[in-house]
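Here's a quick tour for anyone opening this model for the first time. Keep the structure beside you and follow along.

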Amino acid sequence: MKLLVAVKRVIDYNVPARVKADQSGVDLANVKMSMNPFDEIAVEEAIRLREKGVATEVIAVSIGEAKSQDTLRTALAMGADRAILILAEGEVEPLAVAKLLKAVVDDEQPGLVILGKQAIDDDSNQVGQMLAALTGRPQGTFASKVEVEGARVKVTREVDGGLETVDLAMPAIVTADLRLNEPRYASLPNIMKAKAKPLAQKTAADYGVDISRRLTTLKVTEPPKRQAGIKVEDVDALFEKLKELGVAA
Amino acid sequence: MSVLVLAEFQGDTLKDTTLCAITAAQALGGDVHVVIAGQGAQGAADAAAKVAGVAKVLLADDAAYDHGLAENIAPLLVDLMASYDALVAPATTSGKNILPRVAALLDVQQISDIIAVNAPDSFDRPIYAGNAIATVQSSDAKKVITVRTTAFAKASPTGGAAAIEAVSGKGDSGLSTFASQEIATSERPELTSAKTIISGGRALGSQEQFHALLDPLAETLGAAVGASRAAVDAGYAPNDYQVGQTGKIVAPDLYIAIGISGAIQHLAGMKDAKTIIAINKDEDAPIFQVADIGLVGDLFQIVPTLTSKLG
């Protein structure tokens, strides 16, 4: 069984986003970029399934500008077997990403597609669900546990009230939540080896997918800033403040 | 313009998140209808019919719609959307699971997690963990929208008298089944609708200490308990306690952050609280940059003392 994982190159998790002065977007020039943290978890899960013998091949796919190659090389260094880069300039919306991934699914016929539940740049949380819709397959979103049993997969999901487990017919789409696993670091030898692994380059046109945008960003602004308040000396002073707030009697 | 709201409910009660989504739907203009999809959901439909501003309630009562399986509910909504211009749901784990599936089937680019309606086709939404707000305009003929519920007031649960119409869909898709759930039941208020939240971080040190210190304080204040990602990852608190960019977004009157350093991902989930109190031993912790009232010190001494003073 093949596994497909989708990865996105985004602003690094530890870098605060800064809005451009002309309100056209967030300034990404000279900013450290990394693999979306949820996608790292997706890659890790796929590799573990291969290591357990459940899957035979892990294919990483990314959609974006040429530099997304770096993100795919990271996935290959972690242990993915080969990669596909679909070149696209500028922001590609979730629906267009899902359409491109569907085309890759049609080509590759994976048993599972594992994606991060959301990208930390646009915070949309849509692609996995949309891919499931377009392929007509079930979805296990916000996964904290994935167990393949024959032709079915059990996915434990992080939901608002706790945890929920669903039983899905494969092929299926899974989106990874934070506690699915802890991704490995790529070792130096594996980083070197990854350079020799196959990375195919495609374009949206190769798949006949229209990626024109449906949403226009009119402006991007900074949210209202909270001002730091006061510090109190001790618990008694804190208690007095709570009284002022009407919390304490 | 007519707008369909996908309701969330528990038993015969509509969740507050649904009331917030109805307010957002009203901001779009036009008639607001509510769809209740579930099993034995007549009570929830009756509740929805009483909400002020709701013109009609659609009740899809079918075992296939129990447990909110997206594979079964999405086709129902796609069919219903033939008569509507917009579909709105709260941006809860349920709404986030179902709506993009509907949007893709309708060939619509969904707008996630809106915090303001500027026009029927223009919305504000937070991006980059709330460090930026994007104002977007949709060119799709139909809109599919999830709503950040803390940004919209609750619609009044009374004052309406809508008709209830039974609808049916294709039922079970045969793709997925519900297996089991572990849902915590608590006497305390729900995190997303609580007026006061006590939230704990990794500095609590263990699951036992997390509960031993925070539960009595929460009890005293009638507060909900939340946690930082670090505390959840360390196993001190269950996943549904997590407040932050990818956990729950909260906006209580009072948020007390205890032993939480204040990573940007955590701030993204709570910085709209009216008043923030931070207790942390590190005076340089970023949480103090957003806190209205800060106390630097040892939480293991401060919290029990505070609890006994309040009790």
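## Strands, helices and chains

S199(B) sits opposite A257(B), a residue of β16(B). Bear in mind that what you're looking at is a predicted model.

That residue pair is a good way into a wider pairing. Strand β14 of chain B covers residues 196-200, strand β16 of chain B covers residues 254-258, and the two run parallel over 5 bridges. Zoom out, and both turn out to belong to an open sheet of 6 strands, ordered β13(A)-β18(B)-β17(B)-β16(B)-β14(B)-β15(B). The pairing in this sheet is parallel. Strands in a sheet are held in pairs by backbone hydrogen bonds, in either a parallel or an antiparallel arrangement.

Which strands sit at the edges? They are β13 (230-232) of chain A and β15 (224-227) of chain B, each of which pairs on one side only. On average, neighbouring strands of the sheet are turned by 20° against each other, direction ignored.

Another strand pairing links the chains, too. β12(A) pairs with strand β10 of chain B, residues 132-138, in the antiparallel sense and over 6 bridges. To find the spot, look for T221(A), whose bridge partner in β10(B) is I133(B).

Now for the contact between the chains as a whole. Chain A puts in 65 residues and chain B puts in 69. On the chain A side, the elements giving two or more residues include the helices α3 (94-108) and α4 (127-135), the strand β12 (215-221), and also β13 and α6. The top contributor on that side is β9(A), with 8 residues. Sorted by class, the chain A side has 33 nonpolar, 15 polar and 17 charged residues.

Helices meet across the chains as well. Helix α6 of chain A (residues 235-244) and helix α8 of chain B (residues 299-310) have axes that come within 10 Å and cross at roughly 45°. α6(A) and α8(B) are therefore oblique to each other, and their crossing is right-handed. From α6(A), the residues in contact are V235(A), L238(A) and F239(A), while α8(B) supplies I302(B), T305(B), L306(B) and K309(B).

Inside chain A, α3(A) and α4(A) pack with their axes 8 Å apart, at an angle of about 50°. That angle makes α3(A) oblique to α4(A). This crossing is right-handed. Among the residues that make the contact are L95(A), V97(A) and L101(A) of α3(A), along with M130(A), L131(A) and L134(A) of α4(A).

Here's how the residues of the two helix contacts divide by class.

| Helix contact | Nonpolar | Polar | Charged |
|---|---|---|---|
| α6(A) with α8(B) | 5 residues | 1 residue | 1 residue |
| α3(A) with α4(A) | 10 residues | 1 residue | 2 residues |

Finally, take a look at chain B by itself. How is chain B divided? It has domain 1, spanning 2-166, and domain 2, spanning 191-310. The C-alpha centres of the two domains of chain B are 31 Å apart. Their contact draws 8 residues from domain 1 of chain B and 11 residues from domain 2 of chain B. The domain 1 side of that contact is made up of 1 nonpolar, 5 polar and 2 charged residues.

How values were computed: Residues are numbered from 1 along each chain as its sequence is written. Chains are lettered from A and ligands numbered from 1 in the order in which they are written. This is a predicted model: local features need pLDDT of at least 70, side-chain atom pairs count only at pLDDT 80 or more; totals for chains, interfaces and linings use all residues. Axes are lines fitted to C-alpha atoms, for helices over the stretch in contact, and angles run from 0 to 180 degrees between N-to-C directions. Helices (H or I, at least four residues) and strands (E, at least two) are DSSP runs, numbered from the N terminus. Angles under 35 degrees count as roughly parallel, over 145 as roughly antiparallel, 65 to 115 as roughly perpendicular and the rest as oblique. A crossing is left-handed if the near helix is turned anticlockwise from the far one by less than a right angle, and right-handed if clockwise. Two residues are in contact if their C-beta atoms, placed from the backbone, lie within 7 Å. Ala, Val, Leu, Ile, Met, Phe, Trp, Tyr, Cys and Pro count as nonpolar, Asp, Glu, Lys and Arg as charged, and the others, Gly among them, as polar. Two strands pair if DSSP finds at least two bridges between them. Domain bounds come from an automatic or database domain assignment.
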